[in-house]
Amino acid sequence: MKIKEVRKTIIEFMKEVFNKDAEIIKITKTEEGWSSEAIIFEESAFIKSIGLPTKVQDRHIYVVKLDNELEVISYERKKDNEEE
């Protein structure tokens, strides 16, 4: 049941931060708590920077870490060239 709680916590956190639904692609138990990866689709920064209207979405993967009490302790976007 704990992993379902972790998943729910991450989805709620991502919704609160990005106002978008996240897709959880990885959850791992660690010594510090939990580590996960979530996909968020965001408006293309490049297309936006050149001033074109578009519905193009970029896929970004975020690493979200939780402690053992399921509090989010960090999150960051993975660089596009980071290895899995």
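## A walk through the model

From the N terminus on, the elements of the protein follow the order α-β-β-α-β-β. That makes two helices and four strands to find, and a cartoon view is a good place to start. Keep in mind as you go that this is a predicted model.

**First stop: the whole protein.** Zoom out until everything is in view. Taken along the principal axes, the C-alpha atoms fill a box of roughly 45 × 25 × 20 Å. Now switch on the surface: about 6,200 Å² is exposed, and carbon and sulfur atoms supply 49% of that area. Of the 84 residues in the protein, 31% are buried.

**Second stop: the charges.** Colour the charged side chains next. You will find 15 positive and 19 negative ones, and the centres of the two sets lie 4 Å apart. Some of these side chains pair up, and the count of salt bridges comes to five. The next three stops visit K15–D21, E37–K78 and E42–R77.

**Third stop: K15 and D21.** Select these two residues and show their side chains. They meet in a salt bridge, with 3.5 Å from N to O. Are the partners buried or exposed? K15 is partly exposed, at a relative accessible area of 36%. D21, at 62%, is exposed, because the cut-off for that word is over 50%.

**Fourth stop: E37 and K78.** Move on to this pair, where a salt bridge brings the closest N and O atoms to 3.3 Å apart. E37 sits in strand 2, which covers residues 33–43, while K78 belongs to the segment after strand 4 (72–77), so the bridge ties together parts that are 41 residues apart in sequence. Hide the surface if you need to: E37 and K78 are both buried.

**Fifth stop: E42 and R77.** Stay with strand 2 and select E42, then add R77 from strand 4. Their side chains form a salt bridge, with N and O 4.0 Å apart. What does this pair tie together? E42 lies in strand 2 and R77 in strand 4, so the bridge links parts 35 residues apart in sequence. E42 has 17% relative accessibility and counts as buried, whereas R77, at 43%, is partly exposed.

**Last stop: contacts across the chain.** Zoom out again and turn on contacts. Considering those in the protein between residues at least 6 apart in sequence, 39% join residues at least 24 apart. The E37–K78 pair, 41 residues apart in sequence, and the E42–R77 pair, 35 residues apart, are good places to end the tour.

Key
Residues are numbered from 1 along each chain as its sequence is written. This is a predicted model: local features need pLDDT of at least 70, side-chain atom pairs count only at pLDDT 80 or more; totals for chains, interfaces and linings use all residues. Side-chain values use heavy atoms; hydrogens and water are left out. Buried means under 20% relative accessible area, exposed over 50%, partly exposed in between (1.4 Å probe, protein chains only). Contact means heavy atoms within 4.5 Å. Accessible areas come from the Shrake-Rupley method with a 1.4 Å probe; for residues, only the protein chains shown count as cover. Lys and Arg count as positive and Asp and Glu as negative; His and the chain ends are not counted. The place of a charge is taken as NZ of Lys, CZ of Arg, CG of Asp or CD of Glu.
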